Amino acid sequence: QAQARPGAAGGPRAEAEPAPAGLVLEHLDEPIQEGVAVVVASAAGDCTIFDCASTEGAQRLELCHGYPFPATDAAQPRVSLFQPGRGGARATVHRGRTRSTGALRVYTVVLTKRTRGKRAAEQDLGADLFVDGARELEGAPLARSRGFGDRVVLGADHLGRWPLRGAIRDFALFRGRVPSAFARGLERALAAKHGIELRGEDAEDSDGAAEEDIDDDFDDDEDA
């Protein structure tokens, strides 16, 4: 049965401030590889919204702003899906358009298996990202991924670092393929609940920035 608990003490962030540990959701019945996560959160600066990992210390997936970011993005980095490198594989960042201004937003991450019927613990997934109802990533490739895994940390990374500068108001996680009409309906309901104006799937961010996929080597200070 899934449980929630405060995380263990985390390490310092870039400014050497104590890092909040986040809220850990764990003991899921089994890892969630393909599914949908919807979170209502405000975020400012370079920070983590949620981080997913297996208790076995295997591949993880992080929704954040920044990590890393170009110098021009330092103050208000764009939203990113980050998968660290492991073994001989490179780390991957898929970056959207929305910047971390501190505004309350609805973030939706949809993970889909690229090969139907495959049951390997790690496999290739495609990721869609929506912010306030607008699609910012479509089919972004995640190689050898465990998806959402069996452990989710809200408001910090898996080690309690890079804490959220803001607040999480709602979070929902669904296993398996979820009809897009249901996901869009949930976004509308949460937006109405929290007074958020949705932009629609074809909307562009005010700075007009296009999507950018980055695949490179990063120092993630990973132990696993």
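Visitor: How are the strands numbered in this predicted model, and in which loop is the place of D157?
Guide: Strands are DSSP runs of E, at least two residues long, numbered from the N terminus. The model is predicted. On that numbering, D157 follows β11 (151–154) and precedes β12 (166–175), its place being the loop between β11 and β12.

Visitor: Is D157 buried or exposed?
Guide: A residue is called buried when its relative accessible area is under 20%. The value for D157 is 0%, and therefore D157 is buried.

Visitor: Which backbone nitrogen does the side chain of D157 reach, and with which residues is D157 in contact beyond its neighbours within four places in sequence?
Guide: At 2.9 Å, the side chain of D157 reaches the backbone nitrogen of L159. Once neighbours within four places in sequence are left aside, the contacts of D157 are T48, D51, E62 and W162.

Visitor: Which residues of the largest nonpolar core touch the most other members?
Guide: This core holds 27 residues. Strands that each supply at least two of them include β4 (47–53), β5 (61–65), β8 (101–113) and β11. Another core, of ten residues, lies apart from it and has V40 and L190 among its members. In the largest core, the residues touching the most other members are I49, F50, L63, Y107, V109, L111 and F148.

Visitor: How many helices and strands does the protein chain have?
Guide: The order from the N terminus places the α element after a run of β elements, with one β element following it. In total, the protein chain has one helix and 13 strands.

Definitions and conventions:
Residues are numbered from 1 along each chain as its sequence is written. This is a predicted model: local features need pLDDT of at least 70, side-chain atom pairs count only at pLDDT 80 or more; totals for chains, interfaces and linings use all residues. Side-chain values use heavy atoms; hydrogens and water are left out. Helices (H or I, at least four residues) and strands (E, at least two) are DSSP runs, numbered from the N terminus. Buried means under 20% relative accessible area, exposed over 50%, partly exposed in between (1.4 Å probe, protein chains only). A polar contact is a pair of N or O atoms within 3.5 Å; within protein, one must be able to donate a hydrogen and the other to accept it, and residues adjacent in sequence count only if both atoms are side-chain atoms. Contact means heavy atoms within 4.5 Å. A nonpolar core is a set of buried Ala, Val, Leu, Ile, Met, Phe, Trp, Tyr and Cys residues joined through side-chain atoms within 4.5 Å.
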